[in-house]
Amino acid sequence: MNAGEDKIVVIDFGGQYAHLISRRIRELGVKAVVVPYSDVEASDEIRGAKGFILSGGPASVYGDGSPRIDLKKLGEKPILGICYGLQLIAHQLGGRVEKATQREYGRTPIQIVNDSPLFQNLPTSFEVWMSHSDKISALPSSFRQIAQTEYSQYAAIQDENARIFGVQFHPEVSHTQHGKEILGNFIFHICGCGKSWSIEDYAEKVVSDISREVGDGRVLCALSGGVDSTVTAVLVKKAVGDRLTCVFVNHGLLRKGEAEQVLKIYRDQLKLPNLKYVDASERFLSKLKGVKDPEEKRKIIGREFTAVFEEINSQYGPFDYLAQGTLYPDVIESGVSRASASRIKSHHNVGGLPPNLRFKLIEPLRELYKDEVRQLATILGVPDRIAKRHPFPGPGLAVRIIGEVTEEKLRICREASSIVEEELEREGLLDKIWQAFAVVGDDMATGVKGDERSYGHIVIVRAVVSEDAMTADWARLPHSLLDRISRRITNEVEGVTWVAYAISSKPPSTIEPQ
C-alpha cells in the first residue's frame, strides 16, 4: 500500500465490531486503519485521513471513566459515529444521552425522515442491526434527525455543514440492509476517497513483511488442518522457503477422520516443507481430565500446545519464530486487542499463550476475517477441501463438550457432528452453511429403544449462517433434514436419546457453545 493513498481511520472504543468496520471499508476498496481511542493524540495514523469513523463500545458515555476523545483533534474531516460513536458525538456537542427504557437488539425496522448524503439512493425504510441500551434524548443544536425507529427517535443524525454524521445501528454488520451502501456513501461521497486496496495487494505485502521480519531466521508453523493455519503456512513458505517447519499436532479433539485427510493434502498437494506429525492425544486428554470450566480448558490446551512446540524446538530447532493462523475475531473475543475491550472467551492461541513464550510470533492473518482468508486461500491455490471447510476451533471438540471432556462425550460429539455434516452435504447445503456441528454436555433424558426404557445424553445440533463470524443467524434448515439428522444420531450414536436444535443468533449467543 502506498504512503499517499486515501484512507479512513476507525477509532476503536472497545466494541467488538471496530475491525469489522475496517474490514467492510477494505471490501469497498479503501485502506482502513484502526486506532484505539487512547492512542489518537499520539498516533501518526490519523494524519492524512480522509475521514474518521467512531466505533461502538460496551461503555455508556455518561459513565465514570467512559472512553473519550476530543473531536477537535480530528480537524475538520468528516466523522461518522456508530452506536457508542453516535452517542459520544451527541454527548460532547451539547446533546443528551440517557438509559433507554426500551433496549434494541437485533433486526430493527428504520425509517428515513430527512434527506441526507449518508442515505442517498437508498429506500426510505429498511432493516438495520441494533445493539444498544442507551439512547439520545436531545440533539446538539446544530444537528437534525435523519432517521428513526420505533424506540429510537434519533436513530441517525447529521450536521451536514460540519460533515458530522451518526447512526445508532451497525451498518458494518451483514444483517443491516444497505449497510455497505451507507458506508460507501460516507467514504466515497462525503469523504471523497478513491479505491486503492485489494486482498491481492495484502497477500503481496504480508509475504514481503514476513521475509523482512524473519530475515535468515527459522519459522515453526502450527497447523490445525483449517483454512487459517494452512493459509498462514503457505504465506510463510512463500516468504522463507525451506526455513519453515510445519507441525500438525493431533490433540485427540479433532473431527472424524480429520488427521488423515489433512496430512494427505499437506504432503501431496501443498508440499509443505519439513512437515512433522505429532500424535499427542493421550497427553492433551489427560491434562483435561476433571476440568469443567471452559476458560480453563482453553488455557490448558494453549499451554500444552506451547509445550509441544517447545519440545519440537528442542528436537528440530532452534526456531526463532512461531507462525499461527490467528484471526481478528480470535483476538477481540479474547479481549487482548485493547484495554477497553470486553473479553468474551479466551482463544487457545491468544489468551492461552504463556507470557514467557520463547518464540517471536508471526500472525499474518491477525487483522483479517474468515471470508477474507478464504479469498486468500483461493488466490494461493489451497484446495477447496480446506479452503471451504467449516471453521473449527483450535481447542477442537473440547469447546463443543460442555463440562468435563470424557471418552464417552468425545465419541458422541465426534460421531454426531460427522452425521450433521454428512446430511448437510447430502442436502446440498454444506457450502451454504457457515458452521454446523453437534454439542454434548452432561444433561440426560429418558428415551425408548426397542420397547425398553433408555437413559442417555441430549445432543444439541448447531447450524448458523454468517459472512464473517462476527454476527451469525441460526440456519432455517428443512424439517425433513432435521428429522434425518435426529433419527440418524439417535439410531447410530450409542448413548443418545434426545436431539435438540439451537435457534439462538450471535449476538446474544456465540457460535460455539464455549
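# Exercises on a predicted model

Just after helix H2, Gly-94 takes a positive phi of about 105°. The model is predicted. Work through the exercises with the structure open.

## Exercise 1: Helix H2

Task: Decide whether helix H2 (residues 84-92) is mostly covered or mostly open, and find what covers its buried residues.

Solution.
- Step 1. Count the buried residues. Seven of the nine residues in H2 are buried, so by the cut-off of under 20% relative accessible area the helix is mostly covered.
- Step 2. Name them. They are Tyr-84, Gly-85, Leu-86, Gln-87, Leu-88, Ile-89 and Ala-90.
- Step 3. Look for the cover. It includes strands E3 (51-54), E4 (79-82), E5 (96-112), E6 (125-138), E8 (156-159) and E9 (164-167).
- Step 4. Set the direction. H2 lies across E3, E4, E5, E6, E8 and E9, and runs at about 115° to E4.

## Exercise 2: The sheet of nine strands

Task: Give the strand order of the open sheet of nine strands, then name its edges.

Solution.
- Step 1. Trace the order. It reads E2-E1-E3-E4-E9-E8-E7-E5-E6, and the pairing is mixed.
- Step 2. Find the edges. E2 and E6 each pair on one side only.
- Step 3. Add the twist. From one strand to the next it averages 20°.
- Step 4. Check a parallel pair. Strand E1 (residues 7-12) pairs with strand E2 (residues 31-36) in the parallel sense over six bridges. Lys-7 stands opposite Lys-31 in E2.
- Step 5. Follow the connection. The chain leaves E1, passes through helix H1 (residues 18-27) and reaches E2; this β-α-β crossover is right-handed.
- Step 6. Check an antiparallel pair. E5 and strand E7 (residues 144-148) pair in the antiparallel sense over two bridges. Ile-112 has Ala-147 in E7 as its bridge partner.

## Exercise 3: The sheet of five strands

Task: Work out the order of the open sheet of five strands and place helix H6 (residues 258-269) on it.

Solution.
- Step 1. Trace the order. It is E12-E11-E10-E13-E14, with parallel pairing.
- Step 2. Find the edges. Strands E12 (276-279) and E14 (360-362) each pair on one side only.
- Step 3. Add the twist. It averages 25° from one strand to the next.
- Step 4. Check a pair. Strand E10 (residues 219-223) and strand E13 (residues 321-323) pair in the parallel sense over three bridges. The partner of Leu-220 is Leu-322 in E13.
- Step 5. Place the helix. H6 lies across E10, strand E11 (244-250) and E12, running at about 170° to E11.

## Exercise 4: Helices H7 and H8

Task: Describe how helix H7 (residues 281-288) crosses helix H8 (residues 294-316).

Solution.
- Step 1. Take the geometry. The axes come within 10 Å and cross at roughly 145°. The crossing is right-handed.
- Step 2. List the contact. H7 gives Arg-283, Phe-284, Lys-287 and Leu-288. H8 gives Lys-297, Ile-300, Ile-301, Glu-304, Phe-305, Ala-307, Val-308 and Glu-311.
- Step 3. Sort by class. The contact has seven nonpolar, no polar and five charged residues.

## Exercise 5: Ala-469

Task: Decide whether Ala-469 is buried or exposed, and find what it touches.

Solution.
- Step 1. Locate it. Ala-469 is in the loop between strand E16 (452-465) and strand E17 (473-474).
- Step 2. Apply the cut-off. Its relative accessibility is 16%, so Ala-469 counts as buried.
- Step 3. Find the neighbours. Leaving out residues up to four places away in sequence, Ala-469 touches Trp-434, Lys-506 and Ile-511.
- Step 4. Compare sequence with space. Ala-469 and Ile-511 are 42 residues apart in sequence, and their C-alpha atoms are 7.8 Å apart.

Technical notes: Residues are numbered from 1 along each chain as its sequence is written. This is a predicted model: local features need pLDDT of at least 70, side-chain atom pairs count only at pLDDT 80 or more; totals for chains, interfaces and linings use all residues. Side-chain values use heavy atoms; hydrogens and water are left out. Axes are lines fitted to C-alpha atoms, for helices over the stretch in contact, and angles run from 0 to 180 degrees between N-to-C directions. Helices (H or I, at least four residues) and strands (E, at least two) are DSSP runs, numbered from the N terminus. A crossing is left-handed if the near helix is turned anticlockwise from the far one by less than a right angle, and right-handed if clockwise. Contact means heavy atoms within 4.5 Å. Ala, Val, Leu, Ile, Met, Phe, Trp, Tyr, Cys and Pro count as nonpolar, Asp, Glu, Lys and Arg as charged, and the others, Gly among them, as polar. Two strands pair if DSSP finds at least two bridges between them. A crossover is right-handed if, with the strands pointing away from the viewer, the path from the first strand over the helix to the second runs clockwise. Buried means under 20% relative accessible area, exposed over 50%, partly exposed in between (1.4 Å probe, protein chains only).
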